Each structure stands twice: as C-alpha cells, then as structure tokens.
Amino acid sequence: MRWSKVKKLITLSIILLSVLAGAYYLSSYLTPKIELNALGEFYIRNSYFGEYSSGSPEVVTAILWDYRGLDTYFETAVLFMAIISAVSIFRSMPNVSFHPRGFTNITKTGVKIVGLVTFVAAATTAFHGHITPGGGFQGGSMLAVVPLLVIVGFSKKTLEKNGFNKERALVIRTIGLLTIALVAFYPAFIGKYFMQNLPIYPKEIYGMLASGSLSLFNMAEFLAVGAGFTIIFLLLSNPEGGREA
Amino acid sequence: MTFALALIVSSIAAIIIISLYGIAVRPNLVKKIICLGIFSDIINVAVILLGYRAVKNPLPPVLTDYSQKGIEELVTGAVDPLPQALTITAIVIGLAITVLMAYGAIHIQRKYGTVDVRKLARWEE
C-alpha cells in the first residue's frame with residue numbers, strides 16, 4: 001500500500017475515534033428533550049382549531065405562510081434577486097445552439113415516463129401543501145427536476161424547441177411572484193394587516209379545505225421556484241466556452 | 001438512547017470542523033463551494049435536531065384526526081414544527097447562494113483558465 005493511502009486511513013481513523021470519544025464524553029451530560037416548546041405548542045394548538053387559526057392541519061405550512069409569513073415573503077425576494085443576478089451575469093454570453101444526439105431510445109423512453117410521474121408528484125406535493133406534508137418550495141424543487149431530466153436525456157435544444165426556453169420560464173416565474181405579491185398586499189389595501197390570512201380569504205371553497213391564502217401562496221411559489229430553477233439549469237447547461245459542442 | 005443522541009451531536013461537530021477546514025484550506029474554488037454546501041446542510045440538521053423530542057415514535061406535526069383528541073395526541077407526541085419551517089427557508093436561500101457562487105466560479109474559470117486560488121492570486125510566480 002502506498003504511503004499517501006496509509007496517511008488517509010490514519011486521518012480517517014483519528015476522526016472516527018475522536019467522534020466516538022466525544023459521543024462517550026457527551027452522553028453523560030446530554031438529557032434528551034421530552035417537552036414541547038411553548039411556541040411549538042401554541043402553533044400546534046392553533047393551526048386548525050383555536051382562536052388564532054390559520055385553517056390548515058399542516059402546522060409547518062401554517063407557520064411558513066401565515067404565522068411567520070413575513071420571513072417567507074422576504075425569502076422569496078432573496079430567491080428572486082439570486083435568479084435575476086444569475087440571469088444578468090449570463091446575459092452577455094451567446095446562447096449557443098448545438099445538436100447532440102442524446103442518449104439511446106431506452107433512456108429517452110425512461111425519461112418520458114419518469115418525467116411525467118415526477119411532474120404529477122410535484123403538482124400533488126404543491127397543491128396539497130396545506131393538508132399533507134409539502135408545499136410550494138418542495139413541489140417547485142421537484143418540478144425543476146423534469147427539465148433537468150429532459151436536458152440530460154435528450155438535449156437542451158429539445159427543451160427549447162418544444163417551447164420551454166429561458167424567456168418563457170422568466171414569464172412563468174414572474175407570474176408566480178406577482179401572484180404572491182398581490183395575495184400578500186390585498187389585505188393591506190382593504191385596511192387589514194399585510195399577509196393576513198383567514199377572515200379575508202375563505203377557509204373552504206365548495207366544501208374543500210383551501211386554508212385561506214395558504215393554497216394560493218403554495219401554487220404561486222410552485223410556479224416561481226420551479227421556473228426559477230429551470231432558468232438556472234438552462235443557463236448552466238450552456239456548453240463550455242460558448243463553442244459548438 | 002442518550003449515547004445515540006450524543007453520537008449525533010459529536011458527528012455534527014466533526015462535520016462542521018471538517019467543512020470549515022475544507023473552506024479555509026482547500027485551494028480549489030469548486031471544493032470550497034462543496035464544503036460550504038456541506039456546512040449549510042449540517043447546520044440545517046442541527047436546527048432540525050433542536051426540534052426533536054425523545055418520546056416513543058415521534059409524530060410529524062400534521063393533524064390527521066380533525067378533533068380536539070387529535071390535537072392532544074400531537075401535543076404529547078409530535079416534534080417541534082418551528083425548526084422545520086425555519087429550515088425550509090434556509091435550504092432555499094442556501095441553494096440560491098450556491099447557484100450564484102457556482103456561476104462566479106464558472107466565469108472565473110472561463111476568464112483565467114483556473115479555479116485554483118493560489119494561481120489566481122499569483123502566489124507561485
């Protein structure tokens with residue numbers, strides 16, 4: 001065995017031993033937490049029933065878009081800024097068209113099936129985000145996997161030829177962000193609080209649980225995150241150095 | 001039970017140290033970005049661990065039985081929902097920042113032909 005491999009093994013075993021020793025030392029000091037925090041208990045008790053209800057049985061979504069909605073609003077703004085700056089950095093680069101053949105037919109058929117299933121799963125995750133675990137961010141991240149699969153399995157050209165180019169993705173993303181801004185600002189315009197949820201937006205529509213503005217926010221965020229990450233993947237899949245590849 | 005918790009805590013500390021070592025010492029920009037990703041992910045794991053409760057079979061904080069009894073079940077057995085909500089925010093912002101740094105690295109590679117910090121700073125001339 002070569003000396004560099006032995007050195008790596010020695011380093012790894014030192015790290016492993018120190019982790020075990022640290023765990024042994026810490027185990028006499030740590031006490032596992034049994035009780036719920038007062039704030040967490042407040043959110044669990046109020047999210048569906050209760051005086052400060054947000055009309056959603058999914059407590060994490062209720063915190064994300066209602067109780068701590070301002071956090072999420074400005075986080076969406078950060079995402080908006082990051083994608084806009086990425087697009088502006090890459091603006092000067094030529095959008096190269098190239099014609100690789102992609103993978104074999106087996107891979108292409110697999111991409112078609114998996115892409116459809118992923119799209120349906122992403123939409124379910126996002127649209128049921130106020131009832132089951134999930135939401136706009138998770139659904140949008142899953143949605144962005146579909147264009148990535150198409151880029152890898154077929155080519156970037158295929159995606160753009162079928163009508164999903166950077167400009168369309170920018171439009172979809174802007175629609176999502178505008179919806180979020182409108183839904184958030186509407187209560188402030190009619191004299192209530194910014195991002196207020198329940199008395200203004202209906203808890204149920206035709207007997208279906210809508211959780212006020214939570215489902216609207218989830219759908220808009222689904223579009224914004226999915227299209228935003230698609231723009232990133234489209235830009236990153238430009239061939240190296242702007243050459244024909 | 002306590003030893004398992006202590007093992008998780010000490011592994012988190014070890015991974016934090018290793019990723020900080022990678023950010024500070026490795027000269028390759030791409031490896032720095034990877035280490036920063038590991039660092040932010042392990043911080044998220046630590047935040048999730050803050051909300052953990054050592055009850056038997058902890059539940060996710062989602063109401064399945066729409067009644068007062070279901071809420072009592074959650075209060076006795078569910079994990080804290082607040083760290084999870086904060087972690088989602090951190091994940092998305094971390095992804096946006098990683099993308100921006102990757103773009104910076106790509107541009108540096110295209111302009112200077114290297115992502116080695118020592119060569120970029122011209123230390124080896």
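**Internal cavities of the predicted model**

In this predicted model, the lining of the largest cavity draws at least two residues from each of three helices, namely α3 (59-67) and α4 (69-89) of chain A and α4 (81-112) of chain B. Among these contributors, α4(B) provides the largest share, three residues. The lining is made up of A:Ile63, A:Leu64, A:Arg68, A:Asp71 and A:Thr72 from chain A, together with B:Ala85, B:Leu86 and B:Thr89 from chain B. Four of the lining residues are nonpolar, two are polar and two are charged. The space enclosed by the largest cavity amounts to about 40 Å³.

In total, two cavities of 30 Å³ or more were identified. The second largest cavity holds about 30 Å³ of space. Its lining consists of A:Thr76, A:Leu79, A:Phe80, A:Ile83, A:Arg173, A:Leu177 and A:Ala224. Within chain A, α4 and α8 (166-189) each contribute at least two residues to the lining of the second largest cavity, and α4(A) gives the most, with four residues. The classes represented in this lining are nonpolar, with five residues, polar, with one, and charged, also with one.

Helix α4 of chain A thus appears in both descriptions: α4 (69-89) supplies at least two residues to the lining of the largest cavity, and α4(A) supplies four residues to that of the second largest cavity. Charged residues likewise occur in both linings, two in the largest cavity and one in the second largest cavity.

Technical notes. Residues numbered from 1 in each chain as written. Chains lettered and ligands numbered in written order. Predicted model: local features only at pLDDT ≥ 70, side-chain atom pairs only at ≥ 80, totals over all residues. Heavy atoms only, no water. 1 Å grid on protein atoms, 1.4 Å probe; cavity = no way out; pocket = protein on both sides within 12 Å on 5 of 7 lines; lining within 4 Å. Points joined across faces, edges and corners; volume = space filled by probe spheres on them. Nonpolar A, V, L, I, M, F, W, Y, C, P; charged D, E, K, R; others polar.
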